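Trainee: I would like to learn how to read a model like this one, feature by feature. Could we go through it together?

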Amino acid sequence: MTVRHTRRVFLSAATMMAAALAATACGSPQDTASGGGDTAPVKVGLVYSQSGPLASYGKQYIEGFKAGLDYATKGTGKVGDRKIELTEVDDAGDPAKAVSAAKDLIGKGSKIIAGSTASGVALQVAPIAAQNKVLFISGPAATDGVTGANKYTFRSGRQSYQDVVTAKSFIGDATGKKVVVFAQDGAFGDANDAAVKKVIGGAGATVSSVRAPASATEFTPFASQIKAAKPDLLFVAWAGTTAPAMWQTLDQQGVLASTTVVTGLDIRASWPTFGAAGSKISFLSHYFDGASDTEAAKAAKAKIPGGNLDLFHPDGFAAAQMVVRAASEGGDDVDKMIKALEGWQFDSIKGPMTIRAEDHALLQPMYQAKLSGSGTSFTAAAQKSLTGDETAPPVSQMKG
């Protein structure tokens, strides 16, 4: 992937304490949208990709955020009498721009910064949050490094470890299995190769890799290498305009028919790039329209333009729920915001979500998916849903 209330009753001091402890651990984000008499706005800075290579991801994030804000505040846009005032800034996927924007927003009074479409951005903004003692809720950025970055940093989306564990679920017990990673040379390929070796290799599989230059346009030699290796699982990590040719070659050379081929399911607009190979691939998925049928999903569909949820709508939606939770429970006290989020369990688009107190990992459902259709018309269906516990990453030591 990728979601409390306080009853005013006259109880004994011990019972009231128990009720207060329970209130911090469970409930609905709508129920937290109450507050005192302060009417000053809650300033929230949203720094994300409005332009640049990840602009489509950013668009889904902000649509999801606004739908989530409406849901969590019951349409008021307020916490108690305080309006949640959003300031949106485009970082264009550039860490330097994001850092500058975050500092500017903090200087203007924002106690909460959210966004970060790109992993490189999130890793640069997280230290700024710690230095300035403000809350930072990272968005679609999947890098594992955000988890445990510091006590001020949280995430509203999944992380890479959860992707790879979902891929591992296609082969069950990994002991003695052969896994091949097919990826492009470069940082993206390196990261995926390392993750598969750590997660699936660490579970007992033998992991090797076949790497192709990012400029490659002829993929038959690589398909031959993969087929000769006879893997139990082929994990494909690919990005860019050569994807259609790559998938076509793997299909024509019989790779897709000879082993289980797994890759990540990207946004809906990318699905036609799989061509005829699409129905032969097993997909790990953070989210797609129809993957869940929660009340939050129904509410989001009613607010999202076009009514179709996509990959990163849940990240924005959950971020808004977290903002409302933090502001309603913490006011302007960031330490109280942090305590209100740590260990919080809530229902969001994907279903049950838990913010792990130890390192702020966001435990959430993930999905095995299949595509059906052809041409430009594909439909995704969930083959299996994995729980937040099943895909939980190891606990990271909090760095600050």
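Mentor: Happily! Helices (H or I, at least four residues) and strands (E, at least two) are DSSP runs, numbered from the N terminus. With that in hand, Lys 133 can be placed in the loop between α4 and β5. Two notes on the ground rules: this is a predicted model, where local features need pLDDT of at least 70 and side-chain atom pairs count only at pLDDT 80 or more, while totals for chains, interfaces and linings use all residues. Residues are numbered from 1 along each chain as its sequence is written, and side-chain values use heavy atoms, with hydrogens and water left out.

Trainee: What is the phi of Lys 133 near?

Mentor: Start with the general idea: most residues other than glycine have a negative phi. Lys 133, which follows α4, has a positive value, near 55°. Ser 116 is another such case, a residue other than glycine with a positive phi, near 60°. Ser 116 sits in the loop between β4 (112-115) and α4.

Trainee: Are Ser 116 and Lys 133 buried or exposed?

Mentor: First the cut-offs: buried means under 20% relative accessible area, exposed over 50%, and partly exposed in between (1.4 Å probe, protein chains only). Ser 116 counts as buried because its relative accessibility is 2%. Lys 133, at 51%, counts as exposed.

Trainee: Now the helix itself. How many Å should α4 span?

Mentor: The expected span of a helix is 1.5 Å times one less than its number of residues. Helix α4 covers residues 119-132, which is 14 residues, so it should span 20 Å; the C-alpha atoms at its ends are 21 Å apart, in agreement.

Trainee: Which residues of α4 are buried, and what do they pack against?

Mentor: The buried ones are Val 121, Ala 122, Val 125, Ala 126, Ile 128 and Ala 129. For packing we look at contact, meaning heavy atoms within 4.5 Å. The buried residues of α4 pack against α3 (95-107), β5 (135-138) and β6 (153-155).

Trainee: Let us try contacts at a strand. Which residues does Asp 90 touch?

Mentor: Leaving out residues up to four places away in sequence, Asp 90 touches Tyr 48, Ser 49, Gln 50 and Ser 51. Asp 90 belongs to strand β3 (residues 82-90), and its relative accessibility of 28% makes it partly exposed.

Trainee: How far apart in space are Asp 90 and Pro 221?

Mentor: Their C-alpha atoms are 42 Å apart, with their places 131 residues apart in sequence. Pro 221 is in helix α7 (residues 220-229) and is partly exposed, with a relative accessible area of 46%. From Pro 221 to Gln 253, 32 residues apart along the chain, the C-alpha separation is 9.9 Å.

Trainee: How should I read a pocket, and what is the volume of the largest one?

Mentor: Rolling a probe the size of a water molecule over the atoms shows where empty space is left. On a 1 Å grid over the protein atoms alone, a pocket is an open set of points where a 1.4 Å probe fits, with protein on both sides within 12 Å along at least five of seven lines; lining residues have an atom within 4 Å of a point. Grid points are joined across faces, edges and corners, and a volume is the space filled by probe spheres set on the points. Here the largest pocket has a volume of about 1,300 Å³. It is lined by 42 residues, and Tyr 57, Arg 158, Phe 188, Asn 192 and Trp 238 are the closest to its centre.

Trainee: Which helix gives the largest share of that lining?

Mentor: That is α6, with seven residues. Elements that each supply at least two residues include α5 (160-168), β9 (233-237) and α8 (243-252).

Trainee: And how does the lining divide by residue type?

Mentor: Ala, Val, Leu, Ile, Met, Phe, Trp, Tyr, Cys and Pro count as nonpolar, Asp, Glu, Lys and Arg as charged, and the others, Gly among them, as polar. By that scheme the lining of the largest pocket has 25 nonpolar, 12 polar and five charged residues.
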